[in-house]
Amino acid sequence: MEERTPSFSSPQSPKVDPNQNQLCKPQLENINNNGTYVIQVPRDQVYRVPPPENARIAEKFQKTTAKVGRKRQCWIYARIVMYIGIVLCIGCLLIGFYIMLNKPKDPRFVIQQFSFQNGTNPIYNITLQVHNPNSKAGILYKEGQISLSAKQQEIASGAFPTVFQEHCSSTTMTLELKELKDNSLPKEVQESVTNVNKKAHVTFSLTMQFHAGITTWQLRGGKKKYHILCQVTVDSLTEDTNILSQDCQTLL
């Protein structure tokens with residue numbers, strides 16, 4: 001018997017349906033003449049949830065934007081503070097220059113009259129002329145203390161009046177000092193009072209302490225304490241008393 005040898009035939013490739021290839025390929029429909037195309041993508045290739053890379057990129061972008069915003073706000077605040085500081089410095093410089101150019105000057109005092117009223121309660125009457133040299137500032141004198149001495153011995157005291165003086169003006173003040181009780185007068189003062197025929201010169205020291213405020217354009221400035229010392233020499237303490245010399249100084 002003849003042995004049959006199996007015949008080996010080449011494997012046949014599976015038949016491919018042409019319609020199936022057409023379904024896997026994107027189909028183009030409604031091709032318009034104006035260049036608009038509609039592409040259909042299979043459902044298994046549509047991403048409904050964005051990939052994690054997109055979330056990291058968005059988070060990084062948000063952080064970068066927040067940092068830039070904070071830096072921009074800090075820079076704006078820094079510029080505002082810088083501008084305010086510059087304005088304050090300029091204002092302080094202008095005020096300093098104004099004070100230097102318009103520094104208030106001290107008033108000047110001159111003794112015009114000096115008289116003595118003898119009696120049960122002896123009184124010394126002194127007339128002062130006060131000049132305000134400031135061209136734009138008035139002076140408000142507050143009540144203070146006045147002392148009259150002779151030979152370094154206090155013999156009378158009184159109060160300094162409260163007066164307002166306009167700028168660049170002169171004011172006359174009358175001071176009334178009462179003689180201290182139970183206080184013996186120096187020999188020169190007694191001789192000048194009792195000796196009518198012969199005049200006896202006497203030198204007195206007038207000390208005034210008071211506070212004064214500077215007023216500029218109806219704005220009150222700070223107060224300053226004044227200590228004025230006047231040396232006055234009279235020919236006698238009779239009815240016709242003449243001033244021989246006088247000098248007033250402002251002590252610091």
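A disulfide joins C230 to C248, with the two sulfur atoms 2.1 Å apart. The model is predicted. The link between C230 and C248 is right-handed, with 115° about the S-S bond. This pair connects distant parts of the chain: C230 belongs to strand β11, C248 belongs to strand β12 (residues 243-251), and 18 residues separate them. Both C230 and C248 are buried. C89, by contrast, is in no disulfide; the nearest cysteine sulfur to C89 is that of C92, 6.6 Å away. The count for the structure comes to one disulfide.

Strand β11 also takes part in a salt bridge. A search of the whole structure finds one such bridge. K224 forms this salt bridge with D106, and the closest N and O atoms are 2.9 Å apart. Here too the pair links distant parts of the chain: K224 lies in strand β11 (residues 219-234), while D106 lies in the loop between α2 (52-101) and β3 (108-117), 118 residues apart. K224 is partly exposed because its relative accessible area is 36%, a value between the 20% and 50% limits. D106 is partly exposed as well, with a relative accessible area of 27%.

The two links can be set side by side.

| Link | Residues | Atom distance |
|---|---|---|
| Disulfide | C230 and C248 | S to S 2.1 Å |
| Salt bridge | K224 and D106 | closest N and O 2.9 Å |

Next comes the interior. The largest nonpolar core has 37 residues, and those touching the most other members are F109, Y124, L148, F204, L206 and M208. Strand β10 (residues 202-216) gives the most to this core, with seven residues. What does F204 touch, leaving aside residues up to four places away in sequence? Its contacts include F114, Y124, L148, I155, V189 and L237. C230, the disulfide cysteine of strand β11, is also among the residues that F204 touches.

V189, one of the contacts of F204, is in helix α3. Which residues of helix α3 (residues 187-194) are buried? They are V189, S192 and V193. These residues lie on the same side of α3 because they cover an arc of only 100° around the axis. The face of α3 turned away from the buried side carries the exposed residues K187 and T194. The cover over the buried residues of α3 includes β3, β4 (123-132), β6 (144-150) and β10. Strand β10 therefore appears twice in this account, as part of the cover over α3 and as the element that gives the most to the largest nonpolar core.

Key:
Residues are numbered from 1 along each chain as its sequence is written. This is a predicted model: local features need pLDDT of at least 70, side-chain atom pairs count only at pLDDT 80 or more; totals for chains, interfaces and linings use all residues. Side-chain values use heavy atoms; hydrogens and water are left out. A nonpolar core is a set of buried Ala, Val, Leu, Ile, Met, Phe, Trp, Tyr and Cys residues joined through side-chain atoms within 4.5 Å. Buried means under 20% relative accessible area, exposed over 50%, partly exposed in between (1.4 Å probe, protein chains only). Helices (H or I, at least four residues) and strands (E, at least two) are DSSP runs, numbered from the N terminus. Contact means heavy atoms within 4.5 Å. A salt bridge is a side-chain nitrogen of Lys or Arg within 4 Å of a carboxyl oxygen of Asp or Glu. A disulfide is a pair of cysteine sulfur atoms within 2.5 Å. The arc is that of the directions from the helix axis to the C-beta atoms.
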